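Reader: I am new to this structure and should be grateful for a close look at one part of it. Please begin with a single residue and proceed from there to its surroundings and to the chain as a whole.

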Amino acid sequence: NKKVQGVFPIRGKLPNALSTPKEKFLSNEEIAGIITIIGASYGRNCDANKCIFDKIIIGSDRDPDGDHISTLILIFFMMYLRPLLEAGKLYKSTPPLFGIKEKTRIK
């Protein structure tokens, strides 16, 4: 339902907020898109009250690549969108590594 949720797919890995110069990091298309969509600005101007979402949920694959991508996103939020973390708006979903199928008997 577009009225209550949105999905923003990330293409590839994000730059590391800890090791990438600020100007280069913020000019990344994916990072700029996330900041724009959230609507809370960034850095010292970041205001959790301006965030258009109550919850921001990070969903990634349950493999080493997915874990790395979600870690990069968490570092980005810590460095540039910290008020959203402090307001409790950021969540991470973790899909299961396996599925369970119920065996059915045919009579």
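Author: Ser-41 has a relative accessible area of 29% and is partly exposed, a class that lies between buried, under 20%, and exposed, over 50%, as found with a 1.4 Å probe on protein chains only. The model is a predicted one, in which local features need pLDDT of at least 70 and side-chain atom pairs count only at pLDDT 80 or more, while totals for chains, interfaces and linings use all residues. Residues are numbered from 1 along each chain as its sequence is written, and side-chain values use heavy atoms, with hydrogens and water left out.

Ser-41 lies in the loop that runs between α2 and β1; helices (H or I, at least four residues) and strands (E, at least two) are DSSP runs numbered from the N terminus. The phi angle of Ser-41 is near 65 degrees, which is a positive value in a residue other than glycine.

On one side of this loop is helix α2, and Ile-31 is found in that helix. Ile-31 has 0% relative accessibility and therefore counts as buried. Apart from residues up to four places away in sequence, Ile-31 touches Leu-14, Pro-15, Phe-25, Leu-26 and Phe-76, where contact means heavy atoms within 4.5 Å. The C-alpha atoms of Ile-31 and Ile-73 are separated by 9.2 Å, although their positions lie 42 residues apart along the chain.

Helix α2 also takes part in the largest nonpolar core, which has 23 residues. Such a core is a set of buried Ala, Val, Leu, Ile, Met, Phe, Trp, Tyr and Cys residues joined through side-chain atoms within 4.5 Å. At least two of the core residues come from each of α1 (22-26), α2 (29-38), β1 (56-59) and α3 (64-80), and α3 gives the largest share, six residues. Those with the most contacts inside the core are Ile-38, Phe-76, Phe-77, Leu-81 and Leu-84. Of these, Phe-77 touches Ile-38, Ile-56, Arg-82, Leu-84, Leu-85 and Leu-90, when residues up to four places away in sequence are not counted. In soluble globular proteins, nonpolar side chains tend to be buried together.

Beyond β1, the loop between β1 and α3 holds Arg-62. Arg-62 counts as partly exposed, because its relative accessibility is 36%. Its contacts, leaving out residues up to four places away in sequence, are with Asp-67, Thr-94, Pro-95, Pro-96 and Leu-97. Pro-96 is placed in the segment after β2 (90-93) and counts as exposed, at 63% relative accessibility. The C-alpha atoms of Pro-96 and Tyr-80 are 30 Å apart in space, with their positions 16 residues apart in sequence.

Strand β2 contains Lys-92, which is partly exposed at 34% relative accessibility. Lys-92 is in contact with Ile-58, Ser-60 and Ser-70, leaving aside neighbours within four places in sequence. The C-alpha atoms of Lys-92 and Gly-59 are separated by 6.1 Å, although the two residues are 33 apart along the chain.

The largest pocket has a volume of about 860 Å³. On a 1 Å grid over the protein atoms alone, a pocket is an open set of points where a 1.4 Å probe fits, with protein on both sides within 12 Å along at least five of seven lines, and lining residues have an atom within 4 Å of a point. Grid points are joined across faces, edges and corners, and the volume is the space filled by probe spheres set on them. Among the 30 lining residues, Gly-6, Val-7, Phe-8, Ile-56 and Ile-57 are the closest to the centre of the pocket. Helix α3 supplies the largest share of the lining, five residues.

Taken as a whole, the protein chain has four helices and two strands, in the order α-α-β-α-α-β. Its radius of gyration, taken over C-alpha atoms, is 17 Å, well over the 13 Å that the globule rule gives for 107 residues, so the chain is more spread out than a compact globule; the rule is 2.2 Å times the number of residues to the power 0.38. Along its principal axes the C-alpha trace spans about 65 × 30 × 25 Å. Buried residues make up 29% of the 107 residues.
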